[in-house]
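Please walk through the structure shown here, beginning with one side chain and moving outward to the strand and the rings around it.

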Amino acid sequence: MTTGQHYSCALVDLGTVPYREAWDLQRRLVEARHEGVIPDVLLLLEHPHTFTIGRRGDDSEVLASPEYLESLGATVIEVDRGGLATYHGPGQLVGYPILDLRPRGREVHSYLRKLEESLIDALQETGIPAQHVPQKTGVWVEDRKIASIGVRFSRWISSHGFALNVTTDLSYFSHIVPCGMPAVTMTSVAQEFSALREVRSEPDESAATAIGVPDMALLRSRVAHHLAQVFALQYLDDYPPALDDILGVKHAATMEAVR
């Protein structure tokens with residue numbers, strides 16, 4: 001954090017939500033945030049098998065036929081975020097921050113780097129040496145990509161966000177050109193933990209050994225915690241009525257998840 005100011009934020013854990021439903025929810029939240037009737041919102045969720053193509057992409061990035069993808073239970077959707085093609089599916093932690101950048105200096109580059117920073121810090125806590133790679137958006141472990149980022153800004157309100165591979169079935173990435181990089185190797189928390197265990201000849205006291213099997217709930221709480229740190233968020237104990245109306249159902253407050 002660069003200032004002492006904090007911003008109220010509703011932390012909403014949606015569970016598994018179809019992509020189009022979550023996209024529509026984001027649009028309604030962005031409008032409400034612009035009108036000032038809700039605070040900042042952080043949506044954390046998973047999606048069923050979905051391939052999305054950003055504004056800079058096209059159908060050529062999808063390598064499999066529509067019929068084959070349908071046989072896998074996957075859909076292909078063209079979306080309004082930045083970036084190219086990516087995959088969403090079970091075992092992937094997806095985060096959609098609906099944040100007002102107007103009081104934060106309206107700095108898009110800084111926003112992207114802070115998203116990366118929060119994921120890097122959360123992963124490093126588990127013993128995974130995540131890092132930035134110059135000139136490449138996302139989060140990496142050496143030359144392997146573990147998290148993708150694609151965002152949109154509407155009148156300085158952010159939407160879309162990040163996708164962190166936790167226990168993701170990485171074979172689905174073979175059906176696209178991920179993020180426009182044909183040679184990229186995708187990885188996951190589970191895969192990196194497996195590699196870490198293989199190179200250790202003895203038990204040690206590292207975070208990765210102590211945590212054991214990758215756990216979605218743990219990653220979700222640590223990512224939420226570090227997002228709060230880098231964006232100066234103060235998670236609310238209760239949602240305002242206007243947000244309850246948009247969500248359509250009362251979700252339990254999740255303050256305990258980030259303590």
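Tyr-87 has a relative accessible area of 0% in this predicted model, and because buried means under 20% relative accessible area, Tyr-87 counts as buried. The residue belongs to strand β5, which spans residues 85-88 and is covered on both faces: Ala-85 and Tyr-87 are buried on one side, while Thr-86 and His-88 are buried on the other. Strand β5 runs antiparallel to strand β3 (residues 50-53), and the two are joined by four bridges; within this pairing, Ile-53 is found opposite Ala-85.

Turning to the rings, the model contains six aromatic pairs. One of them is formed by Tyr-87 and Tyr-172, whose rings are stacked, with 5.0 Å from centre to centre and 15° between the planes. Since Tyr-87 lies in strand β5 whereas Tyr-172 lies in the loop between β10 (157-165) and β11 (185-186), the pair ties together parts that are 85 residues apart in sequence. Tyr-172, with a relative accessibility of 10%, also counts as buried. Both tyrosines belong to one aromatic cluster, in which they are joined by Phe-51 and Phe-173.

Rings also take part in contacts with charged side chains, and two tryptophans illustrate this. The charged end of Arg-27 is placed over the ring of Trp-23, at 4.5 Å from the centre of that ring, and Lys-136 lies over the face of Trp-140, where the distance to the ring centre is 5.1 Å.

Key: Residues are numbered from 1 along each chain as its sequence is written. This is a predicted model: local features need pLDDT of at least 70, side-chain atom pairs count only at pLDDT 80 or more; totals for chains, interfaces and linings use all residues. Side-chain values use heavy atoms; hydrogens and water are left out. Buried means under 20% relative accessible area, exposed over 50%, partly exposed in between (1.4 Å probe, protein chains only). Two strands pair if DSSP finds at least two bridges between them. Rings of Phe, Tyr and Trp (its six-membered ring) pair if their centres lie within 6.5 Å; planes under 30 degrees apart count as stacked, over 60 as edge-to-face and the rest as tilted. A charge sits over a ring if NZ of Lys or CZ of Arg is within 6 Å of the ring centre and within 35 degrees of the ring normal.
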